[in-house]
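Reader: I would like to learn how to read a model like this one, feature by feature. Could we take helix packing, then the sheet, then burial?

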Amino acid sequence: MQLQNDLLLRAAKGEKVERTPVWLMRQAGRILPEYRAVRESVSGFIELAQTPELAAEVTIQPVDLLGVDAAIIFSDILVIPEAMGLPYEMVEKRGPWFPQTVQSESDLKKLRIADGANDLSYVIKAIEITKKELAGRVPLIGFAGAPWTIFAYMIEGSGSKTFSKARAMLYTQPDFSHRLLQMITDSTINYLKAQIQAGADLVQIFDSWAGILGPKQYHEFSLKYIAQICDAIDEVPKTVFAKGAFFAREEMAKLTCETIGLDWNMGIAESRKLIGTEKTLQGNLDPAALYGNPDQVRKATQEMMEQFKGSRHIANLGHGVYPDIDPEMVKIFIQTVKEF
């Protein structure tokens, strides 16, 4: 299907664009009252993500309500461990929780390499419905978590300030860690390929807990697996967003992806220097800037855009939009980017 707005794809590939495309991480979510209404109609987050028609509905909401240049499928990075045989729960106000974790050889034996199309058929179905309902208005972004971030949850069992159990595993059982990371990587490649087959126009790899590792561990236990995923997927453009991995930007420049996402702690000029001109940069306004008044939001957005000016860029925040941010301020951010 011919896209009516292909700005995101052209910007990712470094082609000429009339203006900078803009979308937001976590745009399909709690900032929108319309999303909350759909969420309240079901038992919770997991049921919503596993009901393709509803997942498609909340995926499209930000396109209609905010005017973003792309939709991102409504799902979660933790669908991968579940598809591998390690189910999770979403605890209100606490986040994800795994009743069982992976600690030993016998735990590893219970896991399988997920087949994207069958094991995660509800996400694939949601992508198909979304594509049909978008009718080519904007591209659809598919995504997955980076293997290290998924590994961290599978070992730790929940979110953590330190992920000390997961990090300890890298030091005490490196071979075991590599085997689990490889299983996650193979599952993720299958999953992303199934998303592309179903209609995803671009895919993003989220390494949410990248910054919790030191440079040596990050190179060995995260970046090499992200590189495998990037090398395996050549059907659509790829974006890698590694939060906190400021020390790895030079290495990330060597990945076979089109776009590198910057968090708000990564200086724009410095990042461009380290990454070079061959990649598109995505980001990177501090989400907290959107707590300001309209003039403050406009000013912060313009200052960010000024720094990216003249280079390959997709406008976004430096992380997901926070749930208590006023949707009107999000609209001002988007409008300011479009007018720049």
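**Reading helices, strands and buried residues**

Author: Let us begin with a pair of helices in this predicted model: the axes of α11 and α12 cross at roughly 25° and come within 10 Å. Angles under 35 degrees count as roughly parallel, and therefore α11 is roughly parallel to α12. The crossing of these two helices, α11 and α12, is right-handed.

Reader: Which residues in α11 and α12 meet?

Author: On the α11 side the contact holds Pro174, Ser177, His178, Leu181, Gln182, Thr185, Asp186, Thr188, Ile189, Leu192 and Lys193, and these meet Glu220, Phe221, Lys224, Tyr225, Gln228, Ile229 and Ala232 in α12. Sorted by class, the contact of α11 with α12 has eight nonpolar, six polar and four charged residues. As for the general idea behind such lists, an α-helix has 3.6 residues a turn, so residues three or four places apart point the same way.

Reader: At what angle do α9 and α11 pack, and how far apart are their axes?

Author: Helix α9, residues 147-156, packs on helix α11, residues 174-198, at an angle of about 120°, and their axes are 9 Å apart. Here too the crossing is right-handed, as α9 passes α11. From α9 the contact takes Pro147, Trp148, Ile150, Phe151, Met154 and Ile155, which meet Ser177, Leu180, Leu181, Ile184 and Thr185 in α11. By class, the residues of this contact between α9 and α11 divide into nine nonpolar, two polar and no charged.

Reader: How many residues of α9 are buried?

Author: Burial is read from relative accessible area, with under 20% as the cut-off for buried. Ten of the ten residues of α9 are buried, so α9 is largely enclosed by the rest of the structure. Among the buried residues of α9 are Thr149, Tyr153 and Glu156. Just after α9, Gly157 takes a positive phi of about 95°.

Reader: How are α2 and α4 arranged, roughly parallel or roughly antiparallel?

Author: Helix α2, residues 33-40, and helix α4, residues 52-65, pack at an angle of about 170°, with their axes 10 Å apart. Angles over 145 degrees count as roughly antiparallel, and therefore α2 is roughly antiparallel to α4. In this contact, Glu34, Tyr35 and Val38 of α2 meet Leu54, Glu57, Val58, Gln61 and Leu65 of α4, and by class there are five nonpolar, one polar and two charged residues.

Reader: Turning to the sheet, what is the order of its strands?

Author: In a sheet, one reads which strand pairs with which, and in what sense. This is an open sheet of seven strands, paired in parallel, in the order β1-β4-β5-β6-β7-β8-β9. Its edge strands are β1 (71-72) and β9 (313-317), each of which pairs on one side only.

Reader: Over how many bridges do β1 and β4 pair?

Author: Strand β1 and strand β4, residues 140-145, pair in the parallel sense over two bridges, and Ile72 has Ile141 in β4 as its bridge partner. Five bridges join β8, residues 280-285, to β9, and these strands run parallel; the bridge partner of Leu281 is His313 in β9. Likewise, β5 and β6 pair in the parallel sense over five bridges, and Val203 has Lys238 in β6 as its bridge partner.

Reader: What lies across β5 and β6?

Author: Helix α12, residues 215-232, lies across β5 (202-207) and β6 (238-242), running at about 170° to β5. Both faces of β6 are covered, since Lys238, Val240 and Ala242 on one side are buried, as are Thr239 and Phe241 on the other.

Reader: And which way do the residues of the edge strand β9 point?

Author: From β9, His313, Ala315 and Leu317 point one way and Ile314 and Asn316 the other way, and all are buried.

Reader: As a last case, where does Val22 lie?

Author: Val22 lies in the loop between α1 (7-12) and α2. A residue in a loop can be read by the same burial cut-off, and Val22 is buried, with a relative accessible area of 0%. Leaving aside residues up to four places away in sequence, Val22 touches Val68, Asp69, Ala70, Ala315, Phe333, Ile334, Val337 and Lys338.

Conventions. Residues are numbered from 1 along each chain as its sequence is written. This is a predicted model: local features need pLDDT of at least 70, side-chain atom pairs count only at pLDDT 80 or more; totals for chains, interfaces and linings use all residues. Side-chain values use heavy atoms; hydrogens and water are left out. Two strands pair if DSSP finds at least two bridges between them. Helices (H or I, at least four residues) and strands (E, at least two) are DSSP runs, numbered from the N terminus. Contact means heavy atoms within 4.5 Å. Axes are lines fitted to C-alpha atoms, for helices over the stretch in contact, and angles run from 0 to 180 degrees between N-to-C directions. Angles under 35 degrees count as roughly parallel, over 145 as roughly antiparallel, 65 to 115 as roughly perpendicular and the rest as oblique. Ala, Val, Leu, Ile, Met, Phe, Trp, Tyr, Cys and Pro count as nonpolar, Asp, Glu, Lys and Arg as charged, and the others, Gly among them, as polar. A crossing is left-handed if the near helix is turned anticlockwise from the far one by less than a right angle, and right-handed if clockwise. Buried means under 20% relative accessible area, exposed over 50%, partly exposed in between (1.4 Å probe, protein chains only).
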